[in-house]
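Student: Could we take a close look at a single part, step by step? I would also like to see how other parts can be read in the same way.

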Amino acid sequence: ELCMNVGMALATYLGNDGKVVVARDGRVTGQMLFHALTSGIMAGGVDVLDAGRLPTPLLAFASYNYVVDGGVMLTASHNPASDNGIKLFTPDGSEFDLTTEQQVEELVSDSSFNLARWDEIGTLGTMDTVLDEYIDYLMGFVELERELRVVIDCANGVGALVAPRVLRRMGCKVITTNSQLDGFFPGRPAEPTPENIREFTKVVRSTGADIGFALDGDADRVAVVDSDGTIVQDDALINLFSRLAIEQQGGGTVVTSINTSRAIQETVEAAGGTLKRVRLGALHEGIKETDAVFGAEPWKLIFPEFGGWIDGIFCAARIAALVSREGSLADLMPPVPAYPLIRKNVYVTPGTQPDIMSHVHERMLTTFSNVESMLDIDGLRLDTPDGWLLVRASGTEPKIRVVAEGRTDRIANDYFSKGMGFVQEAVGKTE
């Protein structure tokens with residue numbers, strides 16, 4: 001019912017005219033929800049092009065590459081197999097911004113739909129050229145200088161339809177794992193966290209691979225494993241591409257999320273650029289506002305010269321090309337401090353996040369007296385001369401996320417303990 005209502009709301013927002021491309025990931029609920037969603041879109045007089053099962057980056061590419069008025073992706077990305085969701089895209093391949101999302105949500109909430117007459121409903125067609133055209137487009141941005149042995153773990157997600165093909169076409173010798181599409185994600189959970197890809201790191205090391213990539217369920221995010229089986233920290237990747245983008249452009253702005261390391265700001269400023277922090281999920285908005293040369297949040301990177309969307313497949317291809325030229329990923333990393341950083345999620349009762357966050361914010365503001373800067377665009381982040389603490393509510397799951405970084409292990413642990421303590425206090429008050 002929700003999918004159908006979102007479809008009708010989107011058609012109403014578009015003005016009961018136009019055309020949208022729709023795709024889904026490999027989840028078992030995708031086909032069912034596809035029919036509900038497209039029924040709503042067509043009922044509003046808008047035509048639908050069915051692109052089938054595709055990674056989210058390819059749906060974004062389709063929204064950008066074809067003459068359509070937007071795109072819709074049915075996916076829950078890195079969430080468990082039982083979840084599913086709806087992502088809306090603009091004709092330039094970027095996700096709807098917060099204001100536009102709220103307009104669609106209000107239409108759904110008010111059931112304020114403008115439906116077409118029976119003889120003016122939308123049509124349903126197919127779009128079966130996206131995959132090949134995306135790969136052709138990507139090949140114009142990467143080039144391998146020597147053959148690499150690459151291992152890729154596709155999490156049994158839709159990335160399996162594309163990523164191995166891209167790497168092989170580049171000239172890599174590719175070893176795949178969890179690359180049979182299966183909506184139950186039997187190989188490992190869809191999120192490529194260090195815990196979930198521990199066995200994968202052993203495969204990278206034991207096969208003598210030059211590099212390893214682990215995708216999530218819809219291939220918008222990627223985790224990277226070096227040849228010795230070490231998981232490359234997400235902030236290290238953001239540092240690398242921030243520096244490269246600023247050097248190539250002779251300056252510019254890098255956009256990153258509120259939960260990334262202070263070392264990124266030091267890298268950007270040392271290279272002659274400017275850093276802008278945004279809430280999680282707002283990279284597209286930040287890049288458009290600042291005409292940024294690069295944007296990233298943990299494991300999710302946007303290369304504006306390639307496209308305005310998060311793309312784990314293109315990121316893997318870019319890294320493979322760099323490694324083929326430089327020799328190893330370790331040689332590529334900029335010399336910046338690796339500050340100790342701790343992240344942990346706390347599951348809470350659904351609906352209690354606002355009360356918990358209100359208590360936590362109050363405790364943070366009264367506890368820290370040496371605050372240099374404060375960001376409350378997404379939870380609350382307090383920076384001191386020695387480190388920072390961020391506590392925020394997840395936007396997709398009933399979780400509170402606590403992140404702390406310090407110049408030393410002692411400071412990072414101290415800030416993290418304080419943050420977890422505030423959350424536990426608040427949870428106790430809501431039970």
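Tutor: Let's begin with a word we need straight away: a residue is buried when its relative accessible area is under 20%, exposed when it is over 50%, and partly exposed in between, using a 1.4 Å probe and protein chains only. The model you are looking at is predicted, so local features need a pLDDT of at least 70 and side-chain atom pairs count only at pLDDT 80 or more, while totals for chains, interfaces and linings use all residues. Residues are numbered from 1 along each chain as its sequence is written, and side-chain values use heavy atoms, with hydrogens and water left out.

Our starting point is N370. Its relative accessibility is 35%, so N370 counts as partly exposed. To place N370 in the chain we need the helices (DSSP runs of H or I, at least four residues) and the strands (runs of E, at least two), which are numbered from the N terminus. N370 sits in the loop that joins helix 13 (353-367) to strand 15 (373-375). Which residues does N370 touch, leaving aside those up to four places away in sequence? They are D383, T384 and P385, where a contact means heavy atoms within 4.5 Å. For a sense of distance, take G15: G15 and N370 are 355 residues apart in sequence, and their C-alpha atoms are 52 Å apart in space.

Now let's turn to the aromatic rings. Two rings of Phe, Tyr or Trp (its six-membered ring) pair if their centres lie within 6.5 Å; planes under 30 degrees apart count as stacked, over 60 as edge-to-face and the rest as tilted. The whole structure holds 18 such pairs. One of them joins Y64 and W309: this pair is tilted, with 5.6 Å from centre to centre and 55 degrees between the planes. Y64 belongs to helix 3 (residues 56-65), whereas W309 is in the loop between strand 13 (300-302) and helix 11 (312-326), so the pair ties together parts that are 245 residues apart in sequence. Is W309 buried or exposed? W309 is buried, because its relative accessibility is 2%, while Y64, with a relative accessible area of 40%, is partly exposed.

A further ring pair brings us back to the loop of N370. F368 and Y415 have ring centres 5.1 Å apart and planes at 80 degrees, so this pair is edge-to-face. F368 lies in the loop between helix 13 and strand 15, and Y415 lies in helix 14 (residues 409-430), so to speak a link between distant parts of the chain, 47 residues apart. Both F368 and Y415 are buried. Elsewhere, ring pairs connect a cluster that includes F61, Y64, Y134, F294, W309 and F314.

Next, helix 7 (residues 198-206). Its buried residues are F200, T201 and V204. Looking down the axis of helix 7, you find these residues within an arc of 105 degrees, so they line one face of the helix; the arc is taken from the directions that run from the helix axis to the C-beta atoms. On the face turned away from this buried side are the exposed residues E199 and S206. Strand 6 (149-153), strand 7 (173-177), strand 8 (211-215) and strand 9 (222-226) are among the elements that cover the buried residues of helix 7. Just past the end of helix 7, G208 has a positive phi of about 70 degrees.

Helix 6 (163-170) can be read in a similar way. A163, P164, V166, L167 and M170 are its buried residues. Their arc around the axis is only 160 degrees, which puts them on the same side of helix 6. Their cover includes helix 5 (130-139), strand 6, strand 7, strand 8 and helix 11. Just after helix 6 comes G171, with a positive phi of about 115 degrees.

Two loop residues complete the tour. N156 is not a glycine, yet has a positive phi of about 60 degrees. This residue lies in the loop between strand 6 and helix 6, and N156 counts as buried because its relative accessibility is 3%. N178, not a glycine either, has a positive phi of about 50 degrees. The loop between strand 7 and helix 7 holds N178, and with a relative accessibility of 18%, N178 counts as buried.
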